[in-house]
Amino acid sequence: MDEQQRSTFLQSASRFPPPKGIKLYYGTAGFRTDASILQSTAFRIGILAALRSLKTGGAVIGLMITASHNKVSDNGVKVADPGGEMLTQDWEPFADSIANAPDPDSLIQLIDEFAKKEGIPLNGTKAAAILLGRDTRPSGESLVEAAKQGICSVNGAIAIDMGVVTTPQLHWMVRTRNKDLQASASELDYFDQVSTSFRCLIDLIPKTSYHGIGKLIVDCANGVGGEKLQVLKEKLSWLDVEIRNTGKQGILNEQVGADYVQKDKVAPQGFGGPDVGIRCASLDGDADRLVYFTIITKGNNQINLVDGDKILSLFALFIKDQLSILTDDTYEYQPRVGVVQTAYANGASTKYLKDLGLQVIFTPTGVKYLHEKAQEYDIGIYFEANGHGTILFSDHFLCWLEDRKSTEKCLEKKNAAKRLWAVSKLINQAVGDALSGLLLVEAILQHMGWSVDNWNELYHDLPSRQLKVKVADRTAIVTTNAETIVQKPPGIQEAITALTVKYPQGRCFVRPSGTEDVVRVYAEASTQEAADELASCVAKLVD
Ligand code: 16G
Ligand code: ZN
């Protein structure tokens with residue numbers, strides 16, 4: 001790097017000293033910790049994002065400031081690659097090392113070495129562009145400012161601030177700007193695409209089978225999803241949706257939101273007796289997770305949870321139905337459909353999907369792993385039980401579909417092609433998106449004429465239990481086979497297996513969390529008592 005670049009880095013980096021005595025990690029989904037110690041990380045990851053843009057030939061890169069479903073005093077920094085997917089894992093070690101560089105000199109040295117190794121030009125001859133977004137956390141504004149300073153300290157790099165957006169909106173804008181060369185893909189374009197494709201799916205519902213399915217109430221976790229859903233509601237004025245927990249009163253993620261509802265299996269704040277039996281949904285704080293639920297009885301907050309596995313099952317069923325209208329076994333082109341889950345997927349969902357004749361693959365926890373696997377298919381559908389997931393369509397499949405859509409003579413087949421096309425436009429192919437996912441669920445339920453109970457009856461979840469165990473060093477546990485087998489320390493897996501076989505339909509695994517300093521235990525069995533007992537016995541093994 002030349003002297004001018006070095007002195008720019010020196011000056012700007014000295015304004016953002018790192019916190020003392022704290023080690024920061026990129027983690028499963030970027031850096032995430034107390035917002036008060038993230039200034040230097042936001043600044044440094046701004047630099048990384050600019051380098052990433054230079055490395056990818058000037059592609060637009062995303063930088064999102066969010067801590068998702070964490071408490072409001074936390075925040076986080078994560079990077080989106082040119083396709084809108086998570087930052088390539090090859091760059092995570094570099095992210096860790098620059099975040100932890102103790103002073104500006106060592107930071108500059110690390111950047112210099114990395115840029116040389118990766119062949120990244122730092123002389124200002126190439127342009128770089130970073131889209132910035134943040135959720136509604138009060139700390140977001142100053143962290144975006146720090147990130148901007150990092151970006152602008154790299155020769156040739158510019159920062160484009162998209163303001164307060166959902167995480168999936170930012171990923172979508174990055175993907176759309178790079179892929180469709182729609183240089184200006186904005187939030188308005190996102191709303192247009194999502195609402196147009198949703199309307200298209202509704203218009204394609206055969207009139208004979210159309211049934212109203214009643215009101216939907218949405219818990220927005222007191223986060224960014226509330227104001228964005230309001231925009232969609234105004235565009236789709238006939239959609240019967242009531243929006244709650246928009247953040248005007250309650251606190252972000254506090255006893256609200258998809259993570260709370262899914263983990264604790266209770267209704268969020270602001271929901272109660274009058275809502276019994278009504279179809280409800282919860283988004284998380286940055287609107288990339290979605291679960292549905294119904295309140296069972298008045299007077300308590302117990303719910304029937306319709307989790308990510310069931311959203312996945314609904315999507316997979318719809319896609320399979322439409323594909324089977326379009327092609328039969330003798331058809332020359334058979335699109336490859338893959339369903340991707342993690343070990344947290346309820347065993348009953350996996351059985352349901354396999355019984356549908358679908359190929360089910362498992363990956364470790366974390367969107368980056370599921371997304372990567374789903375990309376191997378013509379249609380890759382992935383979901384975590386926690387409600388994060390999406391559908392990916394290969395370019396090859398979309399070309400074929402476009403052709404079928406325009407040349408098909410049979411109206412039924414033409415409509416099936418149009419529906420799949422609309423799904424590919426509605427669903428956010430960059431990353432799981434609670435808003436577009438919610439509209440797809442609503443469109444499919446309307447298409448099927450299904451109530452939320454009909455949907456929930458697709459299969460019955462096996463009873464399960466999750467526990468957290470605080471241990472001295474969670475990294476001592478090393479897993480393999482998509483986190484289902486403990487490799488280290490020796491002996492633990494044998495003990496888990498010996499306990500598990502005692503329970504009918506027993507399944508159990510342990511893994512170190514990627515976001516908290518705990519080991520997580522998951523157990524499943526034919527009764528709730530058995531699942532609880534298995535989980536607590538295994539928790540004692542790792543304690
Ligand atoms: C993050 C991941 C989520 C995963 C969770 C696991 C992304 C965008 N988010 O929230 O996919 O399920 O971590 O947390 O990748 P854990 O490792 O603490 O169980
Ligand atoms: Zn989230």
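## A zinc site, two cores and some unusual backbone

Let's start at the metal: the zinc ion (ligand 2) takes its protein donors from Ser 68 (OG), Asp 284 (OD), Asp 286 (OD) and Asp 288 (OD), at 2.0 to 2.1 Å. Keep in mind that what you are looking at is a predicted model.

What angles do the four donor atoms subtend around the zinc ion (ligand 2)? They run from 90 to 166°, and that spread makes the arrangement irregular. For comparison, four tetrahedral donors would ideally sit at 109.5 degrees. Written as a sequence pattern, the donor residues of the zinc ion (ligand 2) read S-x215-D-x1-D-x1-D. Ser 68 sits in the loop between strand S2 (60-65) and strand S3 (74-80), while Asp 284 sits in the loop between strand S8 (279-283) and strand S9 (290-295), so this pair ties together parts that are 216 residues apart in sequence. Ser 68 has 3% relative accessibility, so it counts as buried. Asp 284 is buried too, with a relative accessibility of 0%.

The S8–S9 loop holds another residue to look at, Ala 287. Its phi is positive, about 65°, although Ala 287 is not a glycine. Ala 287 counts as buried, at 0% relative accessibility.

### Domains and cores

Stepping back, the protein is split into domain 1 (3-164), domain 2 (201-305), domain 3 (309-434 + 445-456) and domain 4 (464-542). The centres of domain 1 and domain 4, taken over C-alpha atoms, are 36 Å apart.

Now for the insides. In soluble globular proteins, nonpolar side chains tend to be buried together. Here the largest nonpolar core counts 84 residues, and Phe 315, Ile 391, Phe 397 and Trp 455 have the most contacts inside it. Which helix gives the most to this core? That is helix H10 (residues 308-326), with 10 residues. A second, separate core has 45 residues, among them Phe 9, Leu 24, Ile 47 and Leu 143.

Leaving aside residues up to four places away in sequence, Phe 397 touches Leu 323, Tyr 333, Pro 335, Asp 378, Ile 379 and Leu 420. Leu 445, found in helix H15 (residues 434-448), has 0% relative accessibility and so counts as buried. With the sequence neighbours up to four places away left out, Leu 445 touches Ile 213, Arg 279, Leu 314, Trp 450, Ser 451 and Trp 455. Leu 445 and Trp 455 are 10 residues apart in sequence, with 7.8 Å between their C-alpha atoms.

For contrast, try Glu 3, which is in helix H1 (residues 3-13). Is Glu 3 buried or exposed? It is exposed, with a relative accessible area of 57%. Glu 3 and His 69 are 66 residues apart in sequence and 43 Å apart in space, C-alpha to C-alpha.

### Buried strands

In a regular strand the side chains alternate between the two faces of the sheet. Strand S14 (residues 389-393) has five of its five residues buried, so it is largely enclosed by the rest of the structure. On one side of S14 are Gly 389, Ile 391 and Phe 393, and on the other Thr 390 and Leu 392; both faces are covered. The partner of S14 is strand S13 (residues 379-383), paired in the antiparallel sense over five bridges. Ile 379 stands opposite Phe 393 in S14. S13 and S14 form a hairpin with five residues between them, and Gly 387 in the turn has a positive phi of about 100°.

Strand S6 (residues 216-219) is buried as well: Leu 216 and Val 218 point one way, Ile 217 and Asp 219 the other way. S6 and S7 run parallel and are joined by four bridges, and Val 218 stands opposite Ile 243 in S7.

### Odd spots in the backbone

Asn 245 lies in the loop between strand S7 (241-244) and helix H9 (258-264). It counts as buried, at 15% relative accessibility, because the cut-off is under 20%. Pro 489 is in the loop between strand S17 (485-488) and helix H17 (492-500).

Here are the backbone angles together:

| Place | Angle |
|---|---|
| Asn 245 | positive phi, about 55° |
| Ala 287 | positive phi, about 65° |
| Gly 387 | positive phi, about 100° |
| Lys 488 to Pro 489 | cis peptide bond, omega near -5° |

How values were computed
Residues are numbered from 1 along each chain as its sequence is written. Chains are lettered from A and ligands numbered from 1 in the order in which they are written. This is a predicted model: local features need pLDDT of at least 70, side-chain atom pairs count only at pLDDT 80 or more; totals for chains, interfaces and linings use all residues. Side-chain values use heavy atoms; hydrogens and water are left out. Domain bounds come from an automatic or database domain assignment. A nonpolar core is a set of buried Ala, Val, Leu, Ile, Met, Phe, Trp, Tyr and Cys residues joined through side-chain atoms within 4.5 Å. Buried means under 20% relative accessible area, exposed over 50%, partly exposed in between (1.4 Å probe, protein chains only). Helices (H or I, at least four residues) and strands (E, at least two) are DSSP runs, numbered from the N terminus. Contact means heavy atoms within 4.5 Å. Donors are N, O and S atoms within 2.8 Å of the metal (3.2 Å for Na, K and Ca); water is not among the atoms, so sites may look incomplete. Four donors count as tetrahedral if all angles lie between 85 and 135 degrees; four count as square planar and six as octahedral if opposite donors are over 155 degrees apart and all others between 65 and 115; anything else is irregular. Two strands pair if DSSP finds at least two bridges between them.
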